[in-house]
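Visitor: Please take me closely through one loop and its backbone. Then follow the chain outward, so I can see what surrounds that spot.

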Amino acid sequence: MTRAISLHHVSKRYRRAEHAVDNVSLNVEPGEFLVLLGPSGCGKSTVLRMIAGLEDITEGDLYLDGEHANDIPPSERDMAMVFQSFALYPNMTIRDNIGFPLRVQDPHADRTPRVEETARMLGIGDLLDRYPRQLSGGERQRVAMGRAISRRPSAFLMDEPLSNLDAKLRSQLRAEIAQLTAELGVTTLYVTHDQVEAMSLGHRVAVLRGGVLQQVGTPREIYALPDNVFVAAFVGTPRMNLLQAVVQAPLGRPMSIVLGRQRLPLPAELSADQQLLRIQQGRQIIVGLRSEAARIAPPSQARAGEVALTGIVQHLDYQGHETLVHLDTGSTPAVVADLESPRQQQPGSSRRTTGPGMLTRIKDRALAQIAAPVAVLDPPKAPRQRAVSAGDLVVRTGADLRLRTGAQVPLLVDMAQLYFFDQLGRRICPTPAQVPGL
Ligand SMILES: Nc1ncnc2c1ncn2[C@@H]1O[C@H](COP(=O)(O)OP(=O)(O)OP(=O)(O)O)[C@@H](O)[C@H]1O
């Protein structure tokens, strides 16, 4: 049997500390693979542990198959957890490790068929008589998985099970986990801070920040229609470029988006989506563009819907099959609070910042209005003193394009691929109707 798991306005506070999990509501369908994604400390493990019954729920309700489950003891929830650390019994063989939950369930039952079938599914059938110390990290994590699945629980709760493994093994085991859980058809909640893992594994992904659920959707929805700048910046590699901008909508003249010292003209005939920007006239907004939304090419090669900018090459990030070009276009990146690895400014940068006091005040004010997104913008008309920077825009090019740092290059931006977010970081457009194939 596989379970439906439902959280209704669930919060967790550890003693008097602030919320580790704040008013999370989430439905996981039977047989679904749902990934909880977010930076370190955002409350992912706490959500998982509350579902497992290892943590009390401070407020709100948990339902398992529709039954109120806040007070059901962990042993009666019929769930199996897999942790980051393998935690195998060192003095037991692999056979006994995998069979251990079955022994607890029924000491007299013949465990052999189930243990051998489980080991076969995980490709460790030939390791059953070894001890954990005689296995590699990947093999040990397979055994840990085997122990979780041997008694066929109704749900798997996996807490960063692959994070101790090297990249190659991680990607191999990721594929195996996807296959295995699909084969077993068991509801799975999987915690990770790795967006690549989340996007490749989850039927749906739930993004958390600071204990607050930001967005739940299929990987495609999360990538194509991020609800706010946090999700936009957290999902996708390289990170979405997020630039501070101002909307100019003069009466009787075409609208444009001012990005520092350059501007993006909008067509005279605005799409329904672009009309939504009109009410932002004169306000600061955030423009988001993924690195594939702009290309290095002269205005003469512009296709319909592309507009020209220029940038100065700051840094070339050679990736083998492509190069990521870091450019300075004279605009100012928006700061997204709580991102694990915000884009660093290079040493020597003397760009004016708002300072920690100001940042905190703006952030607090934003949080007071909405519990979710926070973007921090420079105050309007802040004098900009720019020196060396890591650039404000990253663009992909073919690896064979020869560029040198310091050179000015022409850019073409595909206006159809832009995202616009309001001052608090909430998406204004595109609207779902504008994104085909979702
Ligand atoms: N037992 C505890 N007592 C007090 N605070 C705790 C406890 N466990 C977790 N926290 C706090 O709750 C918040 C959420 O922690 P949690 O472990 O759920 O985050 P996470 O997203 O899983 O992080 P990571 O990816 O680093 O494991 C953090 O601020 C953490 O310090």
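**A loop and its surroundings**

Guide: Look for R152 in the loop between α4 and β7 (155-159). Keep in mind that this is a predicted model. The phi angle of R152 is positive, near 50°, though the residue is not a glycine. Most residues other than glycine have a negative phi. Is R152 buried, exposed or partly exposed? R152 is partly exposed, because 15 other C-beta atoms lie within 10 Å and the buried class starts at 20.

D65 makes a useful companion. Its phi is also positive, at about 50°, and D65 is not a glycine either. D65 sits in the loop between β4 (59-64) and β5 (67-68). D65 has 14 C-beta neighbours inside 10 Å, so it counts as partly exposed.

Now step to both sides of the R152 loop. On one side is α4 (137-149), against which the buried residues of α2 pack. Those buried residues also pack against α3 (112-121). Which residues of α2 (94-105) are buried? They are I94, N97, I98, G99 and L102. An α-helix has 3.6 residues a turn, so residues three or four places apart point the same way.

On the other side is β7 (155-159). Take L157 there. Beyond four places in sequence, L157 touches L48, I51, A52, M79, M81 and L189. L157 is also among the residues with the most contacts inside the largest nonpolar core. That core has 97 residues. Its other best-connected members are L36, A206, V229, L242, I286 and V287. Which helix gives the core its largest share? Helix α8 (residues 229-234) does, with 6 residues. The core draws on both domain 1 (5-227) and domain 2 (230-434), with at least three residues from each.

How do the two domains meet? 18 residues of domain 1 contact 16 residues of domain 2. On the domain 1 side, α6 (195-201), β9 (204-209), β10 (212-217) and α7 (219-224) each supply at least two residues. By class, that side has 9 nonpolar, 6 polar and 3 charged residues.

Return to α1 (residues 44-52), this time from the ligand. Helix α1 gives the shell around the ligand its largest share, 3 residues. The full shell reads Y14, A17, A20, G38, S40, G41, C42, G43, K44, S45, T46 and H193. Polar residues number 7 here, with 4 nonpolar and 1 charged.

C42 deserves a stop. C42 lies in the loop between β3 (33-37) and α1. Why does C42 count as buried? It has 24 other C-beta atoms within 10 Å, and 20 or more is enough. Beyond four places in sequence, C42 is in contact with L208, R209, G210 and G211. A20, another member of the shell, is 22 residues from C42 along the chain. The C-alpha atoms of that pair are separated by 7.1 Å.

Two cis peptide bonds are also worth finding, since most peptide bonds are trans. One joins T237 and P238, with omega about -10°. P238 lies in the loop between α8 and β11 (241-248). Another runs from C429 to P430, with omega near 15°. P430 lies in the segment after β23 (427-429).

Pull back to the whole protein. It has 10 helices and 23 strands. Of its 438 residues, 39% count as buried. Among contacts between residues at least 6 apart in sequence, 72% join residues at least 24 apart.

How far should you trust the picture? The model scores ipTM 0.97 and pTM 0.86. The average pLDDT is 86, and 88% of the residues score at least 70. Two stretches need caution. Residues 364-373 stay under 50 in pLDDT, and the model gives them 17 contacts beyond four places in sequence. Residues 382-388 stay under 50 too, with 14 such contacts. Where pLDDT is low, the predicted coordinates should not be read in detail.

Technical notes: Residues numbered from 1 in each chain as written. Predicted model: local features only at pLDDT ≥ 70, side-chain atom pairs only at ≥ 80, totals over all residues. Near = placed C-beta within 6 Å. Helix = DSSP H or I, 4+ residues; strand = E, 2+ residues; numbered from the N terminus. Nonpolar A, V, L, I, M, F, W, Y, C, P; charged D, E, K, R; others polar. Contact = placed C-beta atoms within 7 Å. Core = buried A, V, L, I, M, F, W, Y, C linked by C-beta atoms within 7 Å. Buried ≥ 20, exposed ≤ 12 C-beta atoms within 10 Å, placed from the backbone. Domains from an automatic or database assignment. pLDDT = per-residue confidence, 0-100.
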